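Colleague: Please take a close look at a single part of this model and say how the rest of the chain is arranged around that part. Plain terms will do, as the notes are for a first-year student.

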Amino acid sequence: MSANSHNDRPAPLFSPACIQNPYPTYREHATGAPVQRLSALPHTWGVFRHQVFATLIRDRRLSSDRTAELFRSYDPHLAEFRDFHGHLKQWLLFLDSPEHARLRRKLNAGFSPSAIQLLRPRVAEVAQDLIGEFGDATDVDLMCSFAHPLPVRVICRLLGIPMALYLRCVKLSDDFAAWFADPRRSAVTARTAAAAVLELTEVVAETIRTAESSSDNELMRVLLELEREPNAVSREALHAQCVLLLIAGHETTRGLIGNAIYLVLTQAPEVVRAFDDEALLRSTVEEVLRFESPIQTIGRTVVEDMQYEQVTVPAGESLFFMIGAANRDPGQFPDPDRFDPRRPHNRHLAFGGDDHVCLGSTLARMEAQVALRSLLWRFPKALLRSASPEWYPGFRLRALRSLHVQLEPN
Ligand code: HEM
């Protein structure tokens, strides 16, 4: 257990030391009240236990529109961020029902298990292309050369975004994520994020225009149908969903792919030889999702005073559901700090737990399964260069900054 060197207590929540190893801090919070005020952030409460999370996330006194919270600290500059705020408010992620349910039903069609299964050969092709691009290199940063580009290529191909724009889309999504993932969002990072979202909107607007005139793109067909519905969504709202898909489609999945390679190499290298067993490959990815959840926290806004056991959370406050803590809850997972690729009944909450449960979960799982198998079958003797890698500094995303590996072909 890593602790704060001064007093042997776990590092404070969201501090840099906590971000590098949040689990001792989560464990300490999980022994406290089921819903507790977070001293690290004003107007914010946290849920750390699995059972409380699974119950409260469905509570109708909560709203998914937490965009006001995102902009709370910019009161003096609010006018400057009006368009940015207006764009985010249209994201599926931040809608409440009935708007959410209506839009979600339609979008589900583009991400159904059968639709995703059809993509598997294309994802395998992308993985093979990337492995081919390593050339003769034996020392490779797998975050940079594999985990980052794989999901970007997949989501851009799905949306029909031209390959020449892939790298630009990564840069712009990263600019957005740097702001979104930082609880102490500054006006400077907000400006960069707003500019990034504006440019991404232009990219998707052009992609939609092209798809309208000629498209064999299945996902775009589903998206364009939204405009023809009786309760049609506006073109602006359609842009917002595409920007969301573009960002959500890779910022998280690259974390999952990196975490999977890292955990298998360090904690369970023996499973690589058994990856022709589909069930084991699937359960390994589920355990990665539990053990190092790529999204650590999701938020909701309390719209009506909410009492849970002895605690009352006032309307207007924010509630953080701590995925990373719930997924290590000893009350739910025996021996939670052990990485067990064969773990049974793995009811982790890595993709959330209510109507907003991740739209792309089937795609993300499939990408991680294909990535793990393609890479580690080709390089079963891959060795990590560093035993203690550095994690991305934000508190929402859990992803490695780099993953230097020495590769030796089979
Ligand atoms: C490992 C990868 C991923 C993780 C850990 C992840 C996690 C999550 C979580 C926790 C939520 C719920 C958010 C909330 O309740 O506030 C969510 C929602 C969402 N995710 Fe993912 N996600 C991943 C990959 C993807 C991919 C590949 C896509 C799209 C291609 C995607 C698209 C979405 C969308 C659109 C939503 C909003 C759904 C809604 O509000 O109904 N995600 N994701």
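**A helix and its surroundings**

Modeller: Helix α11, residues 187–213, has 27 residues, and its first and last C-alpha atoms are 40 Å apart, close to the 39 Å expected at 1.5 Å a residue. The model is a predicted one. The buried residues of α11 are Ala190, Ala193, Ala194, Ala196, Val197, Leu200, Val203, Val204, Thr207 and Ile208. For reading such a list, it helps to know that an α-helix has 3.6 residues a turn, so residues three or four places apart point the same way. The buried residues of α11 pack against four helices: α5, α9 (149–159), α10 (166–180) and α13.

Of these neighbours, α13 can be followed further. Helix α13 covers residues 235–267, which makes 33 residues, and it reaches 47 Å from its first C-alpha to its last. That is close to the 48 Å expected at 1.5 Å a residue. Burial is judged by counting C-beta atoms: a residue with 20 or more others within 10 Å of its own is buried, and one with 12 or fewer is exposed. In α13, 26 of the 33 residues are buried, so the helix is largely enclosed by the rest of the structure.

Helix α13 also leads to the ligand. It gives the most to the shell around the ligand, with seven residues. Both α13 and α16 (361–378) supply at least two residues each to that shell. There are 23 residues around the ligand, and those that come nearest are Gly249, Thr252, Gly352, Cys358 and Gly360. By type, the shell divides into 16 nonpolar residues, six polar and one charged.

The loop between α15 (323–326) and α16 holds Asp335, and His345 is found in that loop between α15 and α16 as well. Most residues other than glycine have a negative phi, and most peptide bonds are trans. Asp335 has a positive phi near 50 degrees, and His345 has a positive phi near 45 degrees. Asp335 has 9 C-beta neighbours inside 10 Å and therefore counts as exposed. His345 has 7 such neighbours inside 10 Å, so it counts as exposed too.

Another neighbour of α11 is α5, which has a loop on either side. In the loop between α4 (67–70) and α5 lies Ala79. Ala79 is exposed, because it has 8 other C-beta atoms within 10 Å. The C-alpha atoms of Ala79 and Asn259 are separated by 40 Å, and the two residues are 180 apart along the chain. In the loop between α5 (82–88) and α6 (99–108) is Pro98. A cis peptide bond, with omega about 10 degrees, joins Ser97 to Pro98.

The strands complete the picture. One open sheet has five strands in the order β1-β2-β8-β5-β3, and its pairing is mixed. β1 (36–37) and β3 (62–63) stand at the edges with a single partner strand each, so one side of each has no neighbour in the sheet. β1 pairs with β2 (residues 44–47) in the antiparallel sense over two bridges, and Gln36 stands opposite Gly46 in β2. The hairpin of β1 and β2 has six residues between the strands, and His43 takes a positive phi near 60 degrees there.

Next in this sheet, β2 and β8 run parallel and are joined by four bridges. Thr44 has Ser318 in β8 as its bridge partner. On the other side, β8 (residues 318–322) pairs with β5 (residues 297–302) in the antiparallel sense over five bridges. Here Thr301 stands opposite Ser318 in β8.

A further open sheet consists of three strands in the order β4-β10-β9, with antiparallel pairing. Its edge strands, β4 (139–141) and β9 (383–384), each pair on one side only. Between β4 and β10 (residues 404–406) there are three bridges, in the antiparallel sense. Asp139 stands opposite Gln406 in β10.

To return to the starting point: the buried residues of α11 pack against α13, among other helices, and α13 is the helix that gives the most to the shell around the ligand.

Technical notes. Residues numbered from 1 in each chain as written. Predicted model: local features only at pLDDT ≥ 70, side-chain atom pairs only at ≥ 80, totals over all residues. Pairing = 2+ DSSP bridges. Expected span 1.5 Å × (residues − 1). Near = placed C-beta within 6 Å. Nonpolar A, V, L, I, M, F, W, Y, C, P; charged D, E, K, R; others polar. Contact = placed C-beta atoms within 7 Å.
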